[in-house]
Amino acid sequence: MSRKSKAITLKNTETRPLRLWHDLFGFEGVDQTLYQLWIADRLPQVVLIDGRAGIGKRKFMARLAAHFFCERHNACGVCEGCHSVQQGHQGDLFWLETEGAIKVADAVGLQDHLAYQARNSPRLAVIIDIESLNDQASNRLLKILEEPPAGVLILASCSRYEKLLPTIRSRSVRWRVMPPLLPQSMAFLRERLIGQDRSDDDIEKALKMFGLSIGRALAYLEQGSAEQKARLDRLQRLLL
């Protein structure tokens, strides 16, 4: 069974968040390695990207997906293929991401997507936080995870590998990703926090508190800076 992919015009970007990777930090070369393994027919059809929460796996998944549709196959970020991934209208890509649990209806949508054959690229499914599958959705996907159709690649991210059902773990190949080292992470956050009066000691403590998770440390430091600014603003108003 085959079908031509249609480009869907995105009229409301608020209902479909952009999937960008221009500020992704870490993961150097991992996406290119996985893509080359696929080209060489050496990549399993179900790959689980496992790593700590807040290290940028969602952005990494977007960049990895872009390799398959990029005109240069390097996730350049500027071609029409990359834009189709960023803006969510790539017909051969199914991006499954929910705020809560992944339910049966979501699993059915993924199954329907993979039932068709792609024309010039793999039929790709990305599942963000696959550990949020509820039991019914997990059972629904077991068969397709065990025997994906030809030309299909399923990429899933996970922050709590131990929460996955044993049947899900046994049907996927785990690719463990680690956060950047402390000095590199500190340099990255120092640049992002310019003008927010954060010392190296503050940055180091935040990174260690969150297990070198850059995203969570940045959110914590930015929230602290915002609260501190709000307190200073209130004090200034009182003085005036």
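**Exercise 1.** Establish the order in which helices and strands follow one another from the N terminus of the protein chain, and state how many of each there are.

*Solution.* Reading from the N terminus, the elements run α-β-α-α-β-α-β-α-β-α-β-α-α-α. In this predicted model, the tally for the protein chain is therefore nine helices and five strands, where a helix needs at least four residues and a strand at least two.

**Exercise 2.** Work out how the strands are arranged in the sheet, and explain why β2 and β5 each have one side without a neighbour.

*Solution.* Begin with the order, which is β2-β3-β4-β1-β5 in an open sheet whose pairing is parallel. Because β2 (93-96) and β5 (173-176) stand at the edges, each has a single partner strand, and one side of each is left without a neighbour in the sheet. From one strand to the next, the twist averages 20°.

**Exercise 3.** Describe how β1 is joined to β5, and then place helix α1 relative to the sheet.

*Solution.* Strand β1, residues 46-50, runs parallel to β5 and is joined to it by four bridges; for I49, the bridge partner in β5 is W175. Helix α1, which covers residues 30-39, packs on the sheet and touches β1, β4 (152-158) and β5, with its direction at about 155° to that of β5.

**Exercise 4.** Characterise burial, contact separation and accessible surface for the whole protein chain.

*Solution.* Taking under 20% relative accessible area as the cut-off, 42% of the 240 residues count as buried. Among contacts with a separation of 6 or more, 76% come from residues 24 or more positions apart. Finally, the accessible surface comes to about 13,500 Å², and 50% of it belongs to carbon and sulfur atoms.

Conventions:
Residues numbered from 1 in each chain as written. Predicted model: local features only at pLDDT ≥ 70, side-chain atom pairs only at ≥ 80, totals over all residues. Heavy atoms only, no water. Pairing = 2+ DSSP bridges. Axes fitted to C-alpha atoms, helices over the stretch in contact; angles between N-to-C directions. Contact = heavy atoms within 4.5 Å. Buried < 20%, exposed > 50% of the residue type's maximum accessible area, 1.4 Å probe, protein only. Areas by Shrake-Rupley, 256 points an atom, 1.4 Å probe, with all protein chains shown as cover.
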